[in-house]
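Trainee: I would like a close look at one part of this model, taken step by step. Please tie each term to its cut-off as you go.

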Amino acid sequence: MTDIAKLLGDEADSLLNHTCRGFDKQSLYLPGPDFVDRVMSDTDRGPNVLRNLQAIYDHGRLGGTGYVSILPVDQGIEHSAGASFAPNPQYFDPKNIVELAIEGGCNCVASTLGVLSSVARRYAHKIPMMLKLNHNESLTYPAIYDQTLFAQVEQAHAMGCVAVGATIYYGSPDCRRQITEISEAFEHAHQLGMVTVLWSYLRNPDFKKDGTDYHVASDLTGQAIHMAATIKADIVKQKLPENNGGYRAIGFGHTHDKVYDELTSDNPIDLARYQVANCYMGRIGLINSGGGSKGHSDLGEAVRTAVINKRAGGMGLISGRKAFQKPMAEGVELLNAIQDVYLAKDVTVA
């Protein structure tokens, strides 16, 4: 098993021994082997959605725990194929993307229409697949930042996917259109029995102020998460919060002093706990993203993110570039290290 405390270094004590005060863990709906029976059975999701959600929870090294480790590879569109796959050219071949997810013990693999459709007959019965419906492509010049539908829900269903994913850039000029598109797509996916996962991101240049990037503020990401739950995402993907006070710094919207004075603190677990609270107190699973690859520090950063997510009451991690921009053996090692955090009985909810 991974030496979690060693990888956390000087932060080990503050992360492993912290107790959340703003939202007590007893008030949360926490992940567990019975999550579908205990929590999701209260919802209006149909039997096929519950079955497919259980299929995700039951797969891979984390099968039966209620936690998830997902490999997402849509960067070939989002960041260009060259920027994404040149560091490790074997991943230009979609087969190797799915093989990494299988060898890495993931619950699910998420990718594009082209990637999954090219290998669906070989792998749809071997690992749960999630089709990412929309993307921000990077070939348009000058660059724009919008999410465009590249695939239809029916295509995901036809190739055997158990889930669909999508991104909304909350705060962007086009977010109202994106909300409408994805709300309709998610409803259709539920009708067809598929699970829905939302990349619930912020995107607005004014969210950077005085040298601080509030795209990763706990209060702003928390509200984006709350809106994701509102359009019936079954799982919400969000970046790990790095700061707080976005509403106050930017000077817009609506907030409350208790968000900062009582419900959160500077500890990153408290900042992530606020994200979980906005997931209807954990009724909707929160998965945090692993972020880009930086090289030698990737393993420690991935484990740190997993510890924060788990101790905050989150449901798991979705990590791509840190895993696939390495030789496969190293990518498998990193994915297994993430999973070890969720398997570790001494890493408990704060």
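Mentor: Start with one pair: I70 has C108 as its bridge partner in β2. The model is predicted, so local features need pLDDT of at least 70 and side-chain atom pairs count only at pLDDT 80 or more, while totals for chains, interfaces and linings use all residues. Residues are numbered from 1 along each chain as its sequence is written, and side-chain values use heavy atoms, with hydrogens and water left out.

That pair belongs to the β1-β2 ladder. Here 4 bridges join β1 to β2, and the two strands run parallel. Strands are DSSP runs of E with at least two residues, helices are runs of H or I with at least four, and both are numbered from the N terminus. Two strands pair if DSSP finds at least two bridges between them. Strands of a sheet pair through backbone hydrogen bonds, either parallel or antiparallel.

Now look at both sides of β2. C108 and A110 point one way, V109 and S111 the other, and all are buried. Buried means under 20% relative accessible area, exposed means over 50%, and partly exposed lies in between (1.4 Å probe, protein chains only).

Step across to β3. β2 pairs with β3 in the parallel sense, over 3 bridges. S111 has L131 as its bridge partner there. L131 also stands opposite V164 in β6. The β3 (residues 129-132) to β6 pairing is parallel too, with 3 bridges.

β6 (residues 163-170) is mostly covered: 8 of its 8 residues are buried. One side carries A163, G165, T167 and Y169; the other carries V164, A166, I168 and Y170. Beyond β6 comes β7 (residues 195-202), which runs parallel to β6 and is joined to it by 8 bridges. Y170 finds its bridge partner in L202 of β7.

Put the strands together. The 8 strands close into a barrel, in the order β1-β2-β3-β6-β7-β10-β11-β12, with parallel pairing. From one strand to the next, the twist averages 25 degrees. Angles run from 0 to 180 degrees between N-to-C directions; axes are lines fitted to C-alpha atoms, for helices over the stretch in contact.

Further along that order, β11 (residues 285-289) and β12 (residues 316-318) pair in the parallel sense over 3 bridges. N288 has L317 of β12 as its bridge partner.

Two helices pack on this sheet. Helix α4 (residues 47-57) touches β1 (68-73), β2 (108-111), β6, β7 and β10 (235-238), and its direction makes about 70 degrees with that of β7. Contact means heavy atoms within 4.5 Å. Helix α14 touches β11 and β12, and its direction makes about 160 degrees with that of β11.

Follow α14 outward to its helix partner. The axes of α14 (residues 298-312) and α16 (residues 328-343) come within 9 Å and cross at roughly 25 degrees. The two helices are therefore roughly parallel to each other. The cut-offs are under 35 degrees for roughly parallel, over 145 for roughly antiparallel, 65 to 115 for roughly perpendicular, and oblique for the rest. α14 contributes D298, L299, A302, V303, A306, V307, N309 and K310 to the contact; α16 contributes L334, A337, I338, V341, Y342 and L343. By class, that makes 11 nonpolar, 1 polar and 2 charged residues. Ala, Val, Leu, Ile, Met, Phe, Trp, Tyr, Cys and Pro count as nonpolar, Asp, Glu, Lys and Arg as charged, and the others, Gly among them, as polar.
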